[in-house]
Amino acid sequence: MPHDVSWDEYNAHQWGREPRRSLAMALDAAERPSDRDPVAIDLGCGEGVEVTALLADGWVVHAVDGEDAALDRLVARTETPVAERLHAVRADFTAPPDLPAADLVHSSYALPYCPPAAFDALWAAVRGALRPGGVLSCQLFGPHDDAFGDPEMTFHSADQVRDLLAGLEIVHWAEEDGEGGSYTGPRHWHVFHVVARRPV
Ligand SMILES: C[S@@+](CC[C@H](N)C(=O)[O-])C[C@H]1O[C@@H](n2cnc3c(N)ncnc32)[C@H](O)[C@@H]1O
């Protein structure tokens, strides 16, 4: 994201789009407990398109983002009684909150915006939140990405992503390395799209 575009501007523009495919893949892979509501975390949820889809699907959702404005809009548009299952948490990736035990952790196009010095702790929090059988769906960025070199962002090689996923069952793996569009115009994307499950 170029620094002349704010997260608030980007996030506000997201409302109205379809939920990301990474969420559909996560929902396909996730198992719902039979004795309680399923619990999801959306880390870097932005405007909350995926959060709203999860709420509509009956999930308890912990929606985490660093931007107050997007979270405020999400809370304002979520009506009772669905709102009782929404927990909006303002937190920076550099000081992640205690994450609840979750059946699903979704994080679309957000984890790379954690600075390198804080990434290991954030990733440990993500891994620690996954219940046995829980599913993680996220994107990580590789070294061919246009944003590579931004000191506030974290990038990984394919081998490094596999290391991050060690001990998880890889349900879906796709490496995107090519030209595409973005909110700010044409962009070269180098993205690892992963869905993984913690073994039971
Ligand atoms: C590219 S947007 C993705 C939003 C949403 N998940 C989506 O798929 O549209 C990245 C999100 O990460 C959040 N973010 C960026 N840096 C952050 C940080 N250091 N701490 C917390 N959230 C951050 C931004 O506010 C933004 O909502």
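Me: In which helix is His13 found, and why does His13 count as exposed?
Reply: In this predicted model, His13 is found in helix α1. Its relative accessibility is 53%, and because a residue is called exposed when the value is over 50%, His13 counts as exposed.

Me: How far apart are the C-alpha atoms of His13 and Val126?
Reply: The two C-alpha atoms are separated by 27 Å, and along the chain the residues are 113 residues apart.

Me: Why is Trp7 called partly exposed?
Reply: The relative accessible area of Trp7 is 31%. Buried means under 20% and exposed means over 50%, with partly exposed in between, so Trp7, at 31%, is partly exposed.

Me: What makes Trp7 and Tyr113 an aromatic pair, and what makes the pair edge-to-face?
Reply: Two rings pair if their centres lie within 6.5 Å, and the rings of Trp7 and Tyr113 are 4.7 Å apart, centre to centre. Planes over 60 degrees apart count as edge-to-face, and here the angle between the planes is 85°, which gives the pair its name. Trp7 lies in helix α1 and Tyr113 in the loop between β4 (102-107) and α5 (116-129), so the pair ties together parts that are 106 residues apart in sequence.

Me: Why is the pair of Phe148 and Phe155 edge-to-face, and are these residues buried or partly exposed?
Reply: The ring centres of Phe148 and Phe155 are 5.2 Å apart, and because their planes stand at 75°, the pair is edge-to-face. Phe148 has a relative accessible area of 48% and is partly exposed, whereas Phe155, with 14%, is buried, because buried means under 20%.

Me: How many aromatic pairs are there, and which residues form one aromatic cluster?
Reply: The count comes to 10 aromatic pairs. One aromatic cluster is formed by Trp7, Tyr10, Tyr109, Tyr113, Phe141, Tyr183 and Trp189.

Me: How do you know that Arg187 lies over the face of Trp189?
Reply: Part of the test is that CZ of Arg must be within 6 Å of the ring centre, and the other part is that it must be within 35 degrees of the ring normal. Arg187 is at 3.9 Å from the ring centre of Trp189 and lies over its face. Arg162 lies over the face of Trp173, also at 3.9 Å from the ring centre.

Me: What is the phi of Tyr109, where does Tyr109 lie, and why does it count as partly exposed?
Reply: Tyr109 has a positive phi of about 50°, although it is not a glycine, and it lies in the loop between β4 and α5. Its relative accessibility is 22%, and because partly exposed lies between the limits of 20% and 50%, Tyr109 counts as partly exposed.

Me: What makes the approach of Ser108 to the ligand a polar contact?
Reply: A polar contact is a pair of N or O atoms within 3.5 Å. An N or O atom in the side chain of Ser108 is 2.6 Å from an oxygen atom of the ligand, so this pair meets the cut-off. A polar backbone atom of Phe93 is 2.8 Å from a nitrogen atom of the ligand, and a polar side-chain atom of Asp92 lies 3.3 Å from a ligand nitrogen atom. The ligand on its own has 590 Å² of accessible area, of which the protein covers 94%.

How values were computed:
Residues are numbered from 1 along each chain as its sequence is written. This is a predicted model: local features need pLDDT of at least 70, side-chain atom pairs count only at pLDDT 80 or more; totals for chains, interfaces and linings use all residues. Side-chain values use heavy atoms; hydrogens and water are left out. A polar contact is a pair of N or O atoms within 3.5 Å; within protein, one must be able to donate a hydrogen and the other to accept it, and residues adjacent in sequence count only if both atoms are side-chain atoms. Accessible areas come from the Shrake-Rupley method with a 1.4 Å probe; for residues, only the protein chains shown count as cover. Rings of Phe, Tyr and Trp (its six-membered ring) pair if their centres lie within 6.5 Å; planes under 30 degrees apart count as stacked, over 60 as edge-to-face and the rest as tilted. Helices (H or I, at least four residues) and strands (E, at least two) are DSSP runs, numbered from the N terminus. Buried means under 20% relative accessible area, exposed over 50%, partly exposed in between (1.4 Å probe, protein chains only).
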